[in-house]
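Colleague: I should like to go through this model with you. Could you take my questions one at a time?

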Amino acid sequence: MGSMQDAPDTPGLTARPNGFGAVIRGVDLSKDVSEPHAAAWVLALARHGVLVFPEQRMTVEDLERVTGVFGEFGVDPFVEPLAGHPHVIEVRREADEKSIVFGGAWHSDWSFQARPPAATLLHGQIIPPVGGNTAYVDTARAYEAMSSEWRERASRLRAIHSASAAYGTQGALARDSQPSSMKIITGEAAHGTQVHPVVRTHPITGRRSLFINPVYTRAIEGVSDEESKEILAQLFIHMLDEQFQYEHAWASGMLVVWDNRTTMHLARGGYEGHRRLLYRTTVAGEAPVLDTDQPSA
């Protein structure tokens, strides 16, 4: 199992006391990233789940280049990209907007894909003076904190993921009648399903984590609807315990990178009357697998 200790070759890194989340200072992301720094950041992200780079004056092109440090671009369905930048999403909300807050429920980005994104990058352009935090859950620690019986049980399960509840023809975003400054795409394409193991193994650290989330995980495969709801409800209650959460407060120019394989997150509201603008990319991932050669704790 991977160590949660700071990587010795990651200059400027300060981890939170429990190891979930870390800040990296003293770097300028508007300049090319050296290979040693890139390798160190990939490892640090795998170990800490969330990386924060404060005070970064970055263009959209800089964000695209920094995304390449962590891997190839992911595929982002259901939101039209920024004009001229097919891999960048503009996360925008105007001061007078009343639509549903984008990402405002617990999820792991695009977990309904066959190869969900390994990571997401979000760069703050215009940050309101109040509200707008992003909350994260450490799904690896949540798995490790379960009883041995629950770890064994969860490791035998597979879950069905779909974007239908959010982006389907009757999904929350399709039913939202309020105008949105984001170009959301809803429809039949969101009704496809993908099955993943409930517990997955991280390809870098070897840690196991719970790979389910309330937005995109629709059911447990091979059990009754009643049992499926009961299992998911119990797992979600456990995962959302405060001991596994990290509440992140934004500042203008801040870049945050998170590992979708070991976290889920949600966007807080609470900034009515203020404009908010961030730019977002994702990093291509691999098909989730459970390495049965790894220990269960």
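Modeller: What follows is a short exchange on the chain as a whole, one helix and several loop residues.

Colleague: What kind of model is this, and which residues count for local features?

Modeller: This is a predicted model, in which local features need pLDDT of at least 70 and side-chain atom pairs count only at pLDDT 80 or more, while totals for chains, interfaces and linings use all residues. Residues are numbered from 1 along each chain as its sequence is written, and side-chain values use heavy atoms, with hydrogens and water left out.

Colleague: How many helices and strands are there in the chain?

Modeller: The chain has 7 helices and 15 strands. Helices (H or I, at least four residues) and strands (E, at least two) are DSSP runs, numbered from the N terminus.

Colleague: What is the radius of gyration of the chain?

Modeller: The value is 18 Å, which agrees with the figure near 19 Å for a compact globule of 297 residues. The radius is taken over C-alpha atoms, and the globule rule is 2.2 Å times the number of residues to the power 0.38. Along the principal axes, the C-alpha atoms fill a box of roughly 50 × 50 × 30 Å.

Colleague: What share of the residues count as buried?

Modeller: Of the 297 residues, 51% count as buried. Buried means under 20% relative accessible area, exposed over 50%, and partly exposed in between, with a 1.4 Å probe and protein chains only.

Colleague: And what share of the contacts join residues at least 24 apart?

Modeller: Among contacts between residues at least 6 apart in sequence, the share is 83%. Contact means heavy atoms within 4.5 Å.

Colleague: Turning to H1, how many residues has it, and how far does it reach?

Modeller: Helix H1 (residues 35-48) has 14 residues and spans 20 Å from its first C-alpha to its last, close to the 20 Å expected at 1.5 Å a residue. The expected span is 1.5 Å times one less than the number of residues.

Colleague: Which residues of H1 are buried?

Modeller: They are Ala-38, Ala-40, Trp-41, Ala-44, Leu-45, Ala-46, Arg-47 and His-48.

Colleague: What do those buried residues pack against?

Modeller: Their partners are strand S1 (13-15), strand S2 (22-24), S3, H2, S5 and strand S13 (255-259). Just after H1, Gly-49 takes a positive phi of about 80°.

Colleague: Which residues other than glycine have a positive phi?

Modeller: Glu-55 is one of them, with a phi of about 55°. Trp-110 is another, with phi near 50°.

Colleague: Where do Glu-55 and Trp-110 lie?

Modeller: Glu-55 is in the loop between strand S3 (50-53) and helix H2 (60-70). Trp-110 is in the loop between strand S4 (89-93) and strand S5 (119-126).

Colleague: Buried or exposed, in each case?

Modeller: Glu-55 is exposed, at a relative accessible area of 70%, whereas Trp-110 is buried, at 2%.

Colleague: What does Tyr-216 touch?

Modeller: Leaving out residues up to four places away in sequence, Tyr-216 touches several residues, including Trp-110, His-107, Phe-112, His-161 and Tyr-167. Tyr-216 lies in the loop between strand S10 (208-210) and strand S11 (217-220) and counts as buried because its relative accessibility is 4%.

Colleague: Where is Ser-99 placed, and which residues does it touch?

Modeller: Ser-99 is in the loop between S4 and S5. Not counting residues up to four places away in sequence, it touches Arg-93, Asp-176, Gln-178, Pro-179 and Ser-180. Ser-99 is buried, with a relative accessible area of 5%.

Colleague: What about Arg-268: where does it lie?

Modeller: Arg-268 lies in the loop between strand S14 (263-267) and strand S15 (276-283). It is partly exposed, at 30% relative accessible area. Apart from neighbours within four places in sequence, Arg-268 is in contact with Val-101, Gly-132, Asn-133, Ala-135, Gln-245 and Glu-247.

Colleague: Finally, which residues does Leu-157 touch?

Modeller: Not counting residues up to four places away in sequence, Leu-157 touches Pro-197, Val-198, Ile-220 and Ile-231. Leu-157 is placed in the loop between helix H4 (148-154) and strand S7 (158-162), and it counts as buried at 14% relative accessibility. The C-alpha atoms of Leu-157 and Trp-250, 93 residues apart along the chain, are separated by 36 Å.
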